[in-house]
Amino acid sequence: EKVCEKIQDSVKSTVETTVQDSVKSWASVAAAANGDTQSTDAEGFTLVTGNQKSRRKQELKQALTELKKEDSENESRLANIIVYRAPEQDSKDAEVRTKKDAKIVTNLLNAIEVDAKLCKVVRVGRFDESKPGSRPLKVCFENQATTKLVMENTNKLQNASEDLKQLSVCYDLSEEERITVKTLVEQAKEK
C-alpha cells in the first residue's frame, strides 16, 4: 500500500508539473501571437512587457480622458438650472418660442427677487407639434453662485402669480445623479 501511495504521489506531482509547464508554454505562445513578450521571475510569476504595457497605458489614458470629460460636464452643469412645467408656445418659429421662454425665465427671476444675467435658455428635447405638454427649460447662468442663489430663493414662488407657482425649478443633474436621487426619494417614501 505504501508503495502504491508513493507511486500515486509521484505521478500526481509529475502531472501537476507537466500541466503547469504546458500552461506557461501556451501563455507564451499566445503572447507571441499577440506580439507580446513575456518572461517569468524566479517564483514562476509572469512578467508583462512589450505590447501589453502599451495597451494598458492606452486603456488608462482613455479612462482618464473619459473621467476628465465627465468632470468637465458636471462642472458646467453647476451653473445651470432646469425649469419644469413652463408653458411652451405653439409657434413653428423657433425664435418666437425662444423669446417667450426667455420672458418666462425673466419673470421667474423677478418673482424670486434674483437679479441675474441669462447666458442661455433652451428647451431640452425636440419640438413636436403632435405631442402636447411642455419640454423642460435649461437655463444657463454665468456662474455657480447665481444658480445657488436662485435655488435658495425658489421658496418665494409660493407668493408669485399662478402661472409661476406651477413651475418647478431643479438643479441640472446628470442622468446618473437623477437616478440616484430618484432611488433615494423612493427609499425615503418607503420609510
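Buried means under 20% relative accessible area, exposed means over 50%, and partly exposed covers what falls in between. Keep that in mind for the close-ups below, which show a predicted model.

**View 1. Arg77 and Asp172 pair up in a salt bridge.** Look for the closest N and O atoms of these two side chains, which sit 3.0 Å apart. The partners come from distant parts of the chain, 95 residues apart. Arg77 belongs to helix H2, which covers residues 51–77. Asp172 sits in the loop that joins strand S6 (168–171) to helix H6 (175–190). How open is each partner: buried or partly exposed? Arg77 has a relative accessible area of 23%, so it counts as partly exposed. Asp172 comes in at 8%, so it counts as buried. A search of the whole structure finds 7 salt bridges, and the Arg77–Asp172 pair is one of them.

**View 2. Ser174 sits in the loop between S6 and H6.** With a relative accessible area of 15%, Ser174 is buried, because that value is under the 20% limit. Which residues does Ser174 touch, once those up to four places away in sequence are set aside? They are Asn74 and Arg77. You have met Arg77 already, as the salt-bridge partner of Asp172.

**View 3. Glu113 and Lys156 meet through their side chains.** This is another salt bridge, with an N to O distance of 3.0 Å. Again the pair links distant parts of the chain, here 43 residues apart. On one side, Glu113 lies in the loop between helix H3 (94–111) and strand S4 (118–123). On the other, Lys156 lies in the loop between helix H4 (144–152) and helix H5 (162–165). Glu113 is exposed, with a relative accessible area of 59%. Lys156 has 28% and counts as partly exposed. There's one more thing to spot in the backbone: Glu113 has a positive phi of about 60 degrees, although it is not a glycine. Most residues other than glycine have a negative phi.

**View 4. Arg85 is another residue with a positive phi.** Its phi is about 65 degrees, and Arg85 is not a glycine either. You'll find Arg85 in the loop between S3 and H3. Is Arg85 buried or exposed? At 52% relative accessibility Arg85 counts as exposed, because that is over the 50% limit.

**View 5. Lys165 and Glu162 form a salt bridge within helix H5.** The closest N and O atoms of this pair are 3.5 Å apart. Why does this pairing look so local? The two residues are 3 apart in helix H5, so about one helical turn separates them. Lys165 is partly exposed, at 39% relative accessibility, while Glu162 is exposed, at 61%.

**View 6. Cys119 has no disulfide partner, and the structure holds 0 disulfides.** The closest cysteine sulfur to that of Cys119 belongs to Cys140. A disulfide needs two cysteine sulfur atoms within 2.5 Å. Those of Cys119 and Cys140 are 7.1 Å apart, which is too far for a bond. Cys119 counts as partly exposed, at 47% relative accessibility. Cys170 is partly exposed too, with a relative accessible area of 29%.

**View 7. The largest pocket holds about 300 Å³ of space.** Its lining is made of 14 residues. Which of them lie nearest its centre? These are Ile82, Tyr84, Tyr171, Leu173 and Arg178. Strand S3 (80–84), S6 and H6 are the elements that give two or more residues to the lining. Sorted by class, the lining has 8 nonpolar, 1 polar and 5 charged residues.

**View 8. The second largest pocket has a volume of about 230 Å³.** Here 12 residues make up the lining. Closest to the centre are Glu88, Phe127, Asp128, Lys131 and Gly133. How many residues of each class line this pocket? The lining has 2 nonpolar, 3 polar and 7 charged residues.

Note on methods
Residues are numbered from 1 along each chain as its sequence is written. This is a predicted model: local features need pLDDT of at least 70, side-chain atom pairs count only at pLDDT 80 or more; totals for chains, interfaces and linings use all residues. Side-chain values use heavy atoms; hydrogens and water are left out. A salt bridge is a side-chain nitrogen of Lys or Arg within 4 Å of a carboxyl oxygen of Asp or Glu. Helices (H or I, at least four residues) and strands (E, at least two) are DSSP runs, numbered from the N terminus. Buried means under 20% relative accessible area, exposed over 50%, partly exposed in between (1.4 Å probe, protein chains only). On a 1 Å grid over the protein atoms alone, a cavity is a set of points where a 1.4 Å probe fits but cannot get out, and a pocket is an open set with protein on both sides within 12 Å along at least five of seven lines; lining residues have an atom within 4 Å of a point. Grid points are joined across faces, edges and corners, and a volume is the space filled by probe spheres set on the points. Ala, Val, Leu, Ile, Met, Phe, Trp, Tyr, Cys and Pro count as nonpolar, Asp, Glu, Lys and Arg as charged, and the others, Gly among them, as polar. Contact means heavy atoms within 4.5 Å.
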